[in-house]
Amino acid sequence: SVAEPVFRPRIDALKYLHLADSLSQDDPLLRVDINDKSGNLYVWLGLPEKAVQHYQVAVAYQPSNVGTRMKLSDNLTITWQHSASKALLDSMYVHREINLNHQLRLAEYNIHSSNFVEAEKLLDGAKKIFPYTEYGIVKLFAKRWIMNDNPGKALPYYSALYESNKADILI
């Protein structure tokens, strides 16, 4: 016999993952995997609030899973839970588990918190990782000085951005 057609693969997958989760109460690693995959499906469905719930369960069972913590941080940011996202990023940074994009987000959070010394340290570290004129890094260096009420020191950074891409009218 032929299997029934699948018209809603993500929703059907969630139904089966939720069923599997309810049956796997005694296996924490399986619950981590199920909730991580459920979070991914909710992201793909455009429901980051639901994704956060599942990523939080996965992280609660396996806090050492950096990939899931990064996805949780991303979705906390999307859902405007910046303090929780910053706390996760701070922890990953302290344990040297952070990647460049998340390090730049942490630097931006520090800039917005007026923690300019820490932001500078994060940006210097990012510059060592990626020593080229990269829009995100240079923009944050400039933003750091603007937010610190020192626009004169921001000008060289904006000039570098302009020189690197004169066609971009947003610079």
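Here is a walk through the structure above, from the whole chain down to two of its residues.

Keep in mind as you look around that this is a predicted model. Let us begin with the secondary structure, which comes to nine helices and zero strands. If you trace the sequence from start to end, the pattern reads α-α-α-α-α-α-α-α-α.

Now step back and take in the overall form. Along the principal axes, the C-alpha atoms fill a box of roughly 70 × 35 × 25 Å. The radius of gyration fits into the picture here: the chain has 20 Å, whereas a compact globule of 171 residues would have a value near 16 Å. How do the contacts run along the sequence? Taking contacts between residues at least 6 apart in sequence, 40% of them join residues at least 24 apart.

The surface comes next. About 10500 Å² of the chain is exposed, and carbon and sulfur atoms supply 58% of that area. As for the interior, 36% of the 171 residues count as buried. Charge is worth a look too: there are 19 positive and 19 negative side chains in the chain. The centres of these two sets lie 3 Å apart.

With the whole chain in mind, let us zoom in on threonine 68. You will find threonine 68 in helix α4, which covers residues 66–78. Is this residue buried or exposed? Threonine 68 has 2% relative accessibility, and because buried means under 20%, this residue counts as buried.

What surrounds threonine 68 there? Leaving aside residues up to four places away in sequence, threonine 68 touches Asp36, Tyr55, Ala58 and Val59. Two of these partners deserve a closer look. With aspartate 36, threonine 68 forms a side-chain to side-chain polar contact of 3.2 Å. Tyrosine 55 sits 13 residues from threonine 68 along the chain, and the C-alpha atoms of the two are separated by 6.4 Å.

For our last stop, move along to alanine 167. This residue lies in the segment after α9, the helix that spans 151–164. Is alanine 167 buried or exposed? The relative accessibility of alanine 167 is 68%, and since the cut-off for exposed is over 50%, alanine 167 counts as exposed. To place alanine 167 within the fold, you can compare its position with that of alanine 84: the two are 83 residues apart in sequence, and their C-alpha atoms are 37 Å apart in space.

Definitions and conventions
Residues numbered from 1 in each chain as written. Predicted model: local features only at pLDDT ≥ 70, side-chain atom pairs only at ≥ 80, totals over all residues. Heavy atoms only, no water. Helix = DSSP H or I, 4+ residues; strand = E, 2+ residues; numbered from the N terminus. Buried < 20%, exposed > 50% of the residue type's maximum accessible area, 1.4 Å probe, protein only. Contact = heavy atoms within 4.5 Å. Polar contact = N/O pair within 3.5 Å; in protein donor to acceptor, adjacent residues only side chain to side chain. Rg over C-alpha atoms; globule rule 2.2 N^0.38 Å. Areas by Shrake-Rupley, 256 points an atom, 1.4 Å probe, with all protein chains shown as cover. Lys, Arg positive; Asp, Glu negative; His and termini not counted. Charge placed at Lys NZ, Arg CZ, Asp CG, Glu CD.
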